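Got your viewer open? Here is a short walk through the model, one selection at a time.

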Amino acid sequence: MKPWRSNIGLKIAMAVSGVLLVLFIIAHMAGNLHVFEGREEMNAYAAGLRSFGEPLLPHESLLWIMRIGLIAAVAVHIWSAVVLTRRALHARPVRYASKKPARGESRHAVATMRWGAVVIVLFVVWHLLDLTWRTVNPVKDIHDAYGAVVAAFDPDRWPVTVFYLLALVALGFHLRHGIWSAVQTIAGPNTKWRKRTQAISLAVAVVVVAGFAIVPLAVTFGLVS
Amino acid sequence: MKLSLRIWRQPDAATKGEMVSYEIDEVSEDASFLEMLDVLNERLIAEGGDPVAFDHDCREGICGACSLVIDGQPHGPQAATTTCQLHMRKFRDGDQIDIEPWRAGAFPVVKDLVVDRSAFDQIIQAGGYISAPTGTAPDAHAVPIPKQDADAAFAAAACIGCGACVAACPNGSGMLFMGAKVAHLGLTPQGQPERATRVLGMVAAHDEAGFGGCTNVGECAAACPKEIGLDVIGQLNRDFRKAAARAA
């Protein structure tokens, strides 16, 4: 077996792609906060993402680099997860008759990582249909990002907001374990630094979830309209 | 004390097993868990039945032969304790206790509570050793080792290879065992010549034997009777990454 096809090799692929996705998510979260500056600033930020690097680079260069990079990272992340999960099911074919609650350092991850991932994938599909392609969003003008956000989280569309928040909870648990797990896989810190990494992961997860959640909540409760 | 036991009975590897209930009375609080099973077995033999097969050897907590998942926990409810060192005073009169074998694809059941752990031997054969000339043993202090490294290597060397880490892991992974060996041998000067081939060989043998991958949930370290921590898995990941990059 080639080293990169081993369990650890695949795990490194999952970790590296995961780190790239985390960096994207942090940037995305920070960018969303432009909504609090008002319609013009938010739309100018969105337009700026499209015109970034012009005239040296063609229109939407940054977006296409990001899109291709994200698709590659998501593909590697999911593919390695599927292969490793299948191997894990094969490695543990019989359940124990007697169940005890998990007691490991990252015990919450046992129940949240794989199912949370499914929730996140479903959310991303909806999110693209809603706020990227606008298939299910009443605001079709792609230059009006602000209007689309306001329409997406209109109080009448409260199930969308609830789903968004639910997906954020799944994302939060995913990050809380995923970030330190990626560091453990790539860098293999000692006990002291592992504990610190776990604390940093929790902090990043809380900040990311709060930063994302504040936007739909502000729209639903009328602070942004 | 009086106990009701539910024990996994399976005549051989090919036959389907099941949990079978046994009532046992007058168990001494001072008996070890294995002695309690000895008492049960003596009764079963006297009744003309088939005694419960389980692994045991030194009964001093250092050989790694004993196993048993007791109430869903490898080596039972007491932390940092092997089954042979677990005593019945940790249980209460009237308790129901479930006793199962290690569950892992790489550890097939041989009979009842006995599993085949030779997959661990394959991992050791693939790199869990050092090469040293025999005949003239060097003085113990001939090669100085920093105290910090010696302590870390010694802590990893406490692994008795019982397989509780695999039994506890939701992915049936042997990474804690493998990490303990990689850390134990890789932190000393004697382990350096084979450091890269060791980790690549052991990882290949581990996956080949059907162990799963690590998801860093930490169930292994919580179950380890020798309290080996997740830092050895970090060491394993680091050694593997370096060795694989050099081999590529």
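**Start with chain A**

Color chain A by secondary structure and follow the chain from the N terminus: the elements run α-α-α-α-α-α-α. That makes seven helices and zero strands in chain A. Keep in mind as you click around that this is a predicted model.

Now zoom out until chain A fills the window. Its C-alpha trace spans about 55 × 45 × 35 Å along the principal axes. Of the 225 residues in chain A, 31% count as buried. If you like contact maps, take the contacts in chain A with a separation of 6 or more: 69% of them come from residues 24 or more positions apart.

**Two helices to select: α1(A) and α7(A)**

Hide the rest of chain A for a moment and show just this pair. What should you look for? Two packed helices are described by the angle between their axes and the distance between the axes. Here α1(A) and α7(A) pack at an angle of about 35 degrees, and their axes are 9 Å apart. The crossing of α1(A) and α7(A) is left-handed.

Turn on side chains next. From α1(A), pick A:I25, A:I26, A:M29 and A:N32; from α7(A), pick A:V208, A:G211, A:F212 and A:V215. Those residues make the contact between the two helices, and they divide into six nonpolar, two polar and no charged.

**Across to chain B**

Bring chain B back into view and select the contact between the chains. How many residues does each chain put in? Chain A gives 41 residues and chain B gives 44. On the chain A side, the elements that give two or more residues are α1 (7–32), α3 (61–91), α4 (108–132), α6 (158–186) and α7 (191–220). The largest share of that side, six residues, comes from α1(A). Color the chain A side by class and you get 19 nonpolar, 13 polar and nine charged residues.

**Last stop: B:P74**

Select B:P74 in chain B, where this residue lies in strand β4 (residues 73–74). Is B:P74 buried or exposed? B:P74 is buried, because 29 other C-beta atoms lie within 10 Å, and the cut-off for buried is 20 or more.

Now show what B:P74 touches: leaving out residues up to four places away in sequence, you should highlight B:V69, B:A164, B:A167, B:A168 and B:A223. To finish, draw a C-alpha to C-alpha distance from B:P74 to B:Q148. The two are 74 residues apart in sequence and 30 Å apart in space.

How values were computed: Residues numbered from 1 in each chain as written. Chains lettered and ligands numbered in written order. Predicted model: local features only at pLDDT ≥ 70, side-chain atom pairs only at ≥ 80, totals over all residues. Contact = placed C-beta atoms within 7 Å. Helix = DSSP H or I, 4+ residues; strand = E, 2+ residues; numbered from the N terminus. Nonpolar A, V, L, I, M, F, W, Y, C, P; charged D, E, K, R; others polar. Axes fitted to C-alpha atoms, helices over the stretch in contact; angles between N-to-C directions. Left-handed = near helix turned anticlockwise from the far one by under 90°. Buried ≥ 20, exposed ≤ 12 C-beta atoms within 10 Å, placed from the backbone.
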